[in-house]
Amino acid sequence: MLKLLADNRRLGTFRAEESGDSATIYLYDAIVDSDLEPEWWGGVSPQRFVEQLAAIKAGTIHLRVNSPGGSVFAARAMEQALREHSATVIAHIDGLAASAASFLITAADEIVMAPGAMIMIHKAWTIAWGNSDDLVATAGLLEQIDGTLVRTYEARTGQSAEDIAAWMRAETWFDAPRAVELGFADREAGADQGDAESASARAKAKSQAATWNLSAYKNAPHAPRDRSSSPAPAAPPPAGGGVSFDTAAALRRLNAALCAA
């Protein structure tokens, strides 16, 4: 999780726009646990996402997604907020819905994938330390989380729990045709001639796309980018001048939250 965030530090963007009876949310970022983490790693927190979502009064929400994933529980909070919103939610996978983003989109009434876009599912990750009892207990908690993810995908896709668990175990990447075939998406963008999305909206979404470094994943379809020229992380804000970042505390939070990248 830390590698994923560090490699993609501040590449993403998140914002919401509303016009008439339609709104667009751009979730082009990693998903993190709290508002503290974007100060250092980037990403969007459930607090910020839910606040933006709650402010939308439109009858239709277009959720445009290009995300490498992030925290399981943060994405669960965002997923539930989407389920409870009164609007019709259409999720558009413009680039990538990986890991936590892959089950966040299941809250949408319709999932549309751009040609060339991908969805990835895998088993939960965490950081753990301690004695053998601690590690066994952590493994048990991870298995519980995996069970909740299997049930979510099963309910959306109609696929068997056994098949979904096997795909998660293998870290499986689905392109648009395969995702539609298996029920992870409803249709491929452009496949329906009645598609109401404008060319300008598509171009705008494409211009927002970040090219993620996915080297934290073992089966990522893209080669890791050379980050040698990337600037070093800025120092944490000084006391009294912003929110400071405590790496040890962040690791404890990540362990407690059982983050999955």
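What follows is a short tutorial dialogue on reading the features of this predicted model.

User: Let's start with the overview. How many helices and strands does the protein have?

Analyst: Keep in mind that we are looking at a predicted model. The protein has nine helices and eight strands. Its chain runs to 261 residues, and 48% of them count as buried.

User: And what does the surface look like, in terms of area and atoms?

Analyst: About 11900 Å² of the protein is exposed, with 52% of that coming from carbon and sulfur atoms. For the inside, look at the contacts: among those with a separation of 6 or more, 73% join residues 24 or more positions apart.

User: Okay, on to helix packing. How are two packed helices described?

Analyst: You give the angle between their axes and the distance between the axes. Try it on helix H2 (residues 46-54) and helix H3 (residues 72-84): their axes come within 9 Å and cross at roughly 10 degrees. Angles under 35 degrees count as roughly parallel, so H2 and H3 are roughly parallel to each other.

User: Which residues of H2 and H3 meet there?

Analyst: H2 brings Pro 46, Phe 49, Val 50 and Leu 53, and H3 answers with Ala 74, Ala 77, Met 78, Ala 81 and Leu 82. Sorted by class, that contact has nine nonpolar residues, no polar ones and no charged ones.

User: H3 also meets H5. At what angle do the axes of H3 and H5 cross?

Analyst: At roughly 30 degrees, with the axes coming within 12 Å. That angle makes H3 roughly parallel to H5. The crossing of this pair is left-handed.

User: Which residues sit in that contact, and how do they split by class?

Analyst: From H3 you have Val 72, Phe 73, Arg 76, Glu 79 and Arg 83, and they meet Ile 145, Thr 148, Leu 149 and Thr 152 of H5. The contact of H3 with H5 comes to four nonpolar, two polar and three charged residues.

User: Now H5 and H6. Are they parallel or oblique to each other?

Analyst: Go back to the angle. Helix H5 (residues 132-157) and helix H6 (residues 161-170) have axes that come within 9 Å and cross at roughly 120 degrees. H5 and H6 are therefore oblique to each other. As for handedness, H5 passes H6 in a right-handed crossing. On the H5 side the contact is made by Asp 146, Leu 149, Val 150, Tyr 153, Glu 154 and Thr 157, and on the H6 side by Ala 161, Ile 164, Ala 165 and Met 168. By class, the H5 and H6 contact has seven nonpolar residues, one polar and two charged.

User: Let's zoom in on single residues. Is Ile 121 buried or exposed?

Analyst: For that, you read the relative accessible area, and under 20% means buried. Ile 121 is at 0%, so it is buried. It belongs to strand S6 (residues 118-121).

User: What does Ile 121 touch, apart from its sequence neighbours?

Analyst: Beyond four places in sequence, Ile 121 has contacts including Tyr 153, Ile 164, Met 168 and Glu 171. Trp 167 is on its contact list too. The C-alpha atoms of Ile 121 and Trp 167 are separated by 7.1 Å, with their positions 46 residues apart along the chain.

User: How about Ala 91: where does it lie?

Analyst: Ala 91 lies in strand S4 (residues 88-98). Its relative accessibility is 0%, so Ala 91 counts as buried. Outside its neighbours within four places, Ala 91 is in contact with Leu 63, Ile 105, Ala 108, Glu 110, Ile 111 and Val 112. Arg 64 is 27 residues away from Ala 91 in sequence, but their C-alpha atoms are 5.9 Å apart.

User: One last feature, backbone angles. What is the phi of Ser 99?

Analyst: Ser 99 has a positive phi of about 55 degrees, although it is not a glycine. You'll find Ser 99 in the loop between S4 and helix H4 (100-104). With a relative accessible area of 4%, Ser 99 is buried.

User: And what about Glu 171, which you listed with Ile 121?

Analyst: Glu 171 is not a glycine either, and has a positive phi of about 55 degrees. It lies in the loop between H6 and strand S7 (172-175). Glu 171 counts as buried, at 6% relative accessibility.

Conventions:
Residues are numbered from 1 along each chain as its sequence is written. This is a predicted model: local features need pLDDT of at least 70, side-chain atom pairs count only at pLDDT 80 or more; totals for chains, interfaces and linings use all residues. Side-chain values use heavy atoms; hydrogens and water are left out. Helices (H or I, at least four residues) and strands (E, at least two) are DSSP runs, numbered from the N terminus. Buried means under 20% relative accessible area, exposed over 50%, partly exposed in between (1.4 Å probe, protein chains only). Contact means heavy atoms within 4.5 Å. Accessible areas come from the Shrake-Rupley method with a 1.4 Å probe; for residues, only the protein chains shown count as cover. Axes are lines fitted to C-alpha atoms, for helices over the stretch in contact, and angles run from 0 to 180 degrees between N-to-C directions. Angles under 35 degrees count as roughly parallel, over 145 as roughly antiparallel, 65 to 115 as roughly perpendicular and the rest as oblique. A crossing is left-handed if the near helix is turned anticlockwise from the far one by less than a right angle, and right-handed if clockwise. Ala, Val, Leu, Ile, Met, Phe, Trp, Tyr, Cys and Pro count as nonpolar, Asp, Glu, Lys and Arg as charged, and the others, Gly among them, as polar.
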